[in-house]
Amino acid sequence: MYRIESVEALNDEVTRMVVSAPDIAQKIQPGQFIMLRIDEEGERIPLTMNECDPEAGTVTIVFQAVGATTMHLSMLQPGDELLDFVGPLGNPTELEGAKRACVIGGGLGTAIAYPQAKWLADHGCQVDVITGFRTKDLILFEDELEAVAHRLMVMTDDGSNGNKGVVTQPLAQWIEEGTDYDLVLAVGPVIMMKFVAKTTEPYGIKTLVSLNPIMIDGTGMCGGCRVKVGDEYLHACVDGPDFDGHLVDYDDAMRRGVMYRGYEESARNEMRKRLISEGRECGGKPAASEEETKKRPRITLDAETEAQLAAMDPEKAKKVRAALEARAARSAAAVAAAEAEQAGAGQAPVDEEGE
């Protein structure tokens with residue numbers, strides 16, 4: 001069993017958790033990940049290391065409560081224990097020898113980009129850092145990155161922090177101004193990494209991207225994490241998670257990423273039912289009021305899914321969208337029925353988003 005030492009909400013969506021795992025803390029390096037399981041009935045999920053403290057014997061993970069397991073994980077408290085916490089898995093990021101680098105983190109990917117940027121700075125590399133978020137309230141690790149970066153640029157989709165745009169804009173500007181990067185490293189949504197690679201490819205800049213596909217065991221046996229790199233399929237868990245950004249088939253990765261959305265939504269709904277029965281949402285927040293719940297749209301596709309669909313062939317995207325919306329409609333009906341049932345038992349309804 002692995003004791004949880006601390007739990008901290010970094011914003012309304014993201015949690016930082018410190019876990020006691022002395023053996024892993026002695027060995028894990030930037031870019032590597034662990035597979036955890038909360039209990040005997042839980043699924044295995046991969047989470048990349050955000051920080052480690054070999055002396056204290058702890059490993060820090062950062063996650064967003066978007067699926068059933070991460071929703072459950074976000075409800076745990078210091079002193080609780082995880083059944084499995086296995087690692088280090090995957091290969092460390094190839095950072096040796098870089099003298100001038102740009103590290104790019106998109107959303108939650110910033111939690112993975114931070115230890116890589118810190119390692120580079122600690123080993124004499126001049127590091128520029130670019131991060132991107134939907135809005136200023138979701139910005140992560142700004143102070144930590146400021147401490148290790150030669151230059152730091154934080155972009156937001158809505159411009160709420162004063163820098164509206166996408167991460168490729170400052171990257172392209174700095175390259176055109178003559179910054180001679182020997183390494184660009186991108187961690188974040190697949191669509192973001194695709195366009196980072198497109199930006200660097202004309203200049204021949206070595207570009208690594210960190211892929212996080214569906215993963216079951218983390219040891220290469222299940223084959224679920226296959227990614228197409230060049231002319232071959234590789235396993236993200238044992239061959240990655242970092243790959244040559246100019247060889248990755250991003251469209252294939254995005255198609256594979258939406259294959260199991262229906263199953264994922266079903267699992268989220270089951271967790272929502274559990275939260276209804278406990279009268280709370282993930283993270284221990286109080287359940288939304290009935291009026292707040294009614295104001296929220298029932299059938300929506302998240303921003304990452306929309307980006308993935310936009311990158312597909314239009315006819316294929318149309319079919320995938322229809323299938324996802326049909327599944328969402330069925331799932332919404334199931335949640336509505338559960339809410340009605342719980343309302344009859346005197347329970348408060350749950351927030352449809354589960355966050």
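**Close-ups of a predicted model**

F141 counts as buried, because its relative accessibility is just 6%. You'll find F141 in the loop between β9 (126-133) and α4 (142-148). Keep in mind while you look that this is a predicted model.

**View 1. F141 has a positive phi.** Let's stay with F141 for a moment. What is its phi near? The answer is 55 degrees, a positive value in a residue that isn't glycine. Most residues other than glycine have a negative phi. To get your bearings, look for the loop that comes after strand β9 (126-133) and before helix α4 (142-148).

**View 2. The whole protein chain, before we zoom in again.** How many helices and strands does the protein chain have? There are twelve helices and 15 strands. The chain has 355 residues, and 48% of them count as buried. Now take the contacts with a separation of 6 or more: 67% of these come from residues 24 or more positions apart. As for the outside, the chain exposes about 16,700 Å², and carbon and sulfur atoms supply 47% of that.

**View 3. Helix α6 is mostly covered.** This helix runs over residues 190-200, and eight of its eleven residues are buried. Which ones are they? The buried set is V190, M192, M193, K194, V196, A197, T199 and T200. Several elements help cover these buried residues, including the strands β8 (100-106), β11 (183-187) and β12, plus the helices α5 and α8.

**View 4. D252 is buried in helix α8.** D252 belongs to α8, which spans residues 250-257. Is D252 buried or exposed? It's buried, because its relative accessible area is 10% and the cut-off for buried is under 20%. Leave aside its neighbours within four places in sequence, and D252 is in contact with K228 and Y233. Helix α8 also appeared in the view before this one, as part of what covers the buried residues of α6.

**View 5. M215 sits in a loop and is buried.** The loop in question lies between β12 (207-210) and β13 (226-229). M215 counts as buried because its relative accessibility is 9%. What does M215 touch, not counting residues up to four places away in sequence? Its partners are F33, M35, R44, P46, C225, A236 and C237. Pick out C237 from that list: M215 and C237 are 22 residues apart along the chain, and their C-alpha atoms are separated by 7.6 Å.

**View 6. D12, D137, D157 and D158 form a negative surface patch.** These four residues make up the patch. Let's look at one of them, D158, which lies in the loop between β10 (151-156) and α5 (168-176). D158 is partly exposed, because its relative accessible area is 41%, and partly exposed covers what falls between buried (under 20%) and exposed (over 50%).

**View 7. Two cis peptide bonds, each leading into a proline.** Most peptide bonds are trans. Where do we find cis ones here? One runs from G87 to P88, with omega near -5 degrees. P88 is in strand β7, residues 84-89. Another cis bond joins G240 and P241, and its omega is about 15 degrees. P241 lies in the loop between α7 (236-239) and β15 (242-244).

How values were computed: Residues are numbered from 1 along each chain as its sequence is written. This is a predicted model: local features need pLDDT of at least 70, side-chain atom pairs count only at pLDDT 80 or more; totals for chains, interfaces and linings use all residues. Side-chain values use heavy atoms; hydrogens and water are left out. Patches are made of residues with over 30% relative accessible area and no salt bridge: like charges are joined within 9 Å, nonpolar side chains (Val, Leu, Ile, Met, Phe, Trp, Tyr) within 5 Å. Accessible areas come from the Shrake-Rupley method with a 1.4 Å probe; for residues, only the protein chains shown count as cover. A salt bridge is a side-chain nitrogen of Lys or Arg within 4 Å of a carboxyl oxygen of Asp or Glu. Lys and Arg count as positive and Asp and Glu as negative; His and the chain ends are not counted. The place of a charge is taken as NZ of Lys, CZ of Arg, CG of Asp or CD of Glu. Helices (H or I, at least four residues) and strands (E, at least two) are DSSP runs, numbered from the N terminus. Buried means under 20% relative accessible area, exposed over 50%, partly exposed in between (1.4 Å probe, protein chains only). Contact means heavy atoms within 4.5 Å.
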